[in-house]
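This note comments on aromatic contacts and internal cavities. Please read the points below alongside the sequence and the coordinates.

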Amino acid sequence: MKIALVCPYNYEQPGGVQSHIRELAQVLRDRDHQVKVITLKTANCQENSAQIIRIGDSQRIKFQGTQIDLSLAVGEEYQLLKETLQKEKFEIIHYHTIWNPLLPWQILFLSQAVNVATFHDTPRQTVFGKLANSILMPSVSNWLLKHYLDAAIAVSEIPANYLRSPSDRVAIIPNGIFLERFSDNSPFSQYLDGKLNILFLGRLEARKGIFYLLKAFAILKQKFSQIRLIIAGDGYQKEAVNQFVINHQLTDVILLGFVSEEDKPKYYATCDIYCSPAFDGESFGIVLVEAMASGKPAVGAANLGYKTILTGQGKELLVIPKSVASLVEKLAQLIENEQFRSEMGAWGKVAAQQYNWQVIVKKIEQVYRRALDKKS
C-alpha cells in the first residue's frame with residue numbers, strides 16, 4: 001500500500017504523537033509498504049528526506065495547559081499541497097490528532113484516498129474540556145465519520161467515548177513500542193552510587209504534574225537521604241522547576257533537559273522507580289509502557305488514560321491525581337520495599353508485551369484493508 005501519515009505537530013519536537021508516527025512509518029516500511037510523512041514546515045527542520053513532505057507555515061501556542069502547533073497552507077503552499085496529493089496518489093491517508101488546525105483539514109478536504117484517523121487526544125477535565133468531550137468532539141467526529149473518514153482508530157477507550165459511530169468503523173488500537181529497545185540496556189554509570197533513582201521523563205508543562213512530584217520528593221528526602229530525582233524533559237516550566245529546586249534547597253535533583261530517543265532506554269534502565277504524576281489530558285500513557293517494558297515499577301496518577309494501562313495488579317501503582325500525600329505514600333512504599341519494586345517491575349514487563357509494534361501494526365493494517373475494501 002502507498003500510505004501518507006499526517007503529523008500536525010512540529011516533527012522535531014519530542015512528543016508521543018510524533019514518536020508514534022515515526023515508529024509506525026518504520027514498521028509499515030519494514031512490511032513493504034510505501035510510506036511518507038506529511039508534516040508542517042518548521043524553523044529547525046533536522047530530518048529531511050524524500051520520505052517527509054513539509055508543507056505550510058506554523059505557529060506554536062499554549063492551550064489548555066499544553067502547547068499545540070497551528071498550521072496552514074496558503075497561496076503557493078496550498079497549490080503545492082494540491083499538486084503533491086495529485087502526484088503521489090496515496091491509497092491511504094492516515095491522520096493523527098485530526099483536530100489540530102488546520103493542515104490536516106486541508107489535506108482531508110483535498111484527499112482522493114481512503115481516509116483513516118487515529119484519535120490520540122483526551123480533553124482536560126476543565127469546563128471547556130468537559131464541554132468539548134460531551135458536545136463538540138462527538139458532534140464533529142460524527143460529522144467527519146459520516147462525510148469524510150472511512151475508518152477511525154482510538155488509542156484507548158477514552159477517546160473512543162466521543163467517537164459515536166458504528167463500531168465497525170472505529171477500532172481501539174493502543175500505541176506501540178519496540179520492546180527490544182527497552183530490554184537489556186546499560187544504565188548510566190554516574191548514577192550507580194548506591195542511591196535509589198526516581199525518574200520523571202516527559203514535557204515540563206502544567207498538566208504533566210512535575211511540581212507535585214517535586215513537593216513529594218522534598219518530603220521523602222527528609223526520611224530517605226539516599227534517593228535521587230532525575231528529571232528528563234523540556235518545556236515552558238523548565239525555569240520554574242529549576243527555581244523551585246533552588247528555593248527549596250533540594251539536593252539530588254538532576255535536571256537533564258531534553259534527552260534523545262537513543263538515551264531514553266538507558267534512563268529507564270538507570271532508574272529504580274519511574275513516576276508520571278500527569279493529572280489530566282492523557283488518553284494513553286506511552287511513558288508508563290516504556291518503563292514497564294524496561295522492567296521498572298511505573299507510578300502514575302490515576303488519570304483517565306493511565307487507568308487503561310495500570311490495570312489488574314498494576315492498579316497498585318496508581319496514585320490520586322494532584323495529591324502530594326498519595327505520591328509520598330506510594331513512592332515511600334516502593335523505596336522501602338525492594339521486593340515490591342521487583343514484583344511490580346516483573347508485572348509491567350509481562351503487561352507491556354501486548355503493546356509490541358509487531359502486534360499493533362497488524363491491527364492497523366486490518367483497518368486499512370477493511371476501509372479499502374469498503375471504498376472499492
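1. Rings of Phe, Tyr and Trp (its six-membered ring) are paired if their centres lie within 6.5 Å; planes under 30 degrees apart are called stacked, over 60 edge-to-face, and the rest tilted. By this rule there are 12 aromatic pairs. One aromatic cluster is formed by Trp105, Phe109, Trp143 and Tyr148.

2. The model is predicted, so local features need pLDDT of at least 70 and side-chain atom pairs count only at pLDDT 80 or more, while totals for chains, interfaces and linings use all residues. Residues are numbered from 1 along each chain as its sequence is written, and side-chain values use heavy atoms, with hydrogens and water left out.

3. Within the cluster, Trp105 and Phe109 make an edge-to-face pair, at 5.9 Å centre to centre with 65° between the planes. Both belong to helix H3 (residues 103-110) and are four residues apart, which means a separation of about one helical turn; helices (H or I, at least four residues) and strands (E, at least two) are DSSP runs, numbered from the N terminus. Trp105 is buried, at 17% relative accessible area, whereas Phe109 is partly exposed, at 43%. Here buried means under 20%, exposed over 50%, and partly exposed in between (1.4 Å probe, protein chains only).

4. Phe284 and Tyr355 also form an edge-to-face pair, because their ring centres are 5.6 Å apart and their planes lie at 80°. Phe284 is in the loop between strand S13 (273-276) and helix H9 (286-293), and Tyr355 is in the loop between helix H12 (338-351) and helix H13 (357-375), so the pair ties together parts 71 residues apart in sequence. Phe284 is buried, with a relative accessible area of 5%, and Tyr355 is buried, with 4%.

5. Two lysines have a charged end over a ring (NZ of Lys or CZ of Arg within 6 Å of the ring centre and within 35 degrees of the ring normal). Lys2 sits over Phe90, 5.6 Å from the ring centre, and Lys215 sits over Tyr212, 6.0 Å from the ring centre.

6. How many cavities of 30 Å³ or more does the structure hold? There are two, a cavity being a set of points on a 1 Å grid over the protein atoms alone where a 1.4 Å probe fits but cannot get out, with lining residues having an atom within 4 Å of a point. The largest has a volume of about 40 Å³, volume being the space filled by probe spheres set on the points, which are joined across faces, edges and corners. Helix H7 (238-247) and strand S12 (253-257) each give two or more residues to the lining of this largest cavity.

Definitions and conventions
1 Å grid on protein atoms, 1.4 Å probe; cavity = no way out; pocket = protein on both sides within 12 Å on 5 of 7 lines; lining within 4 Å.
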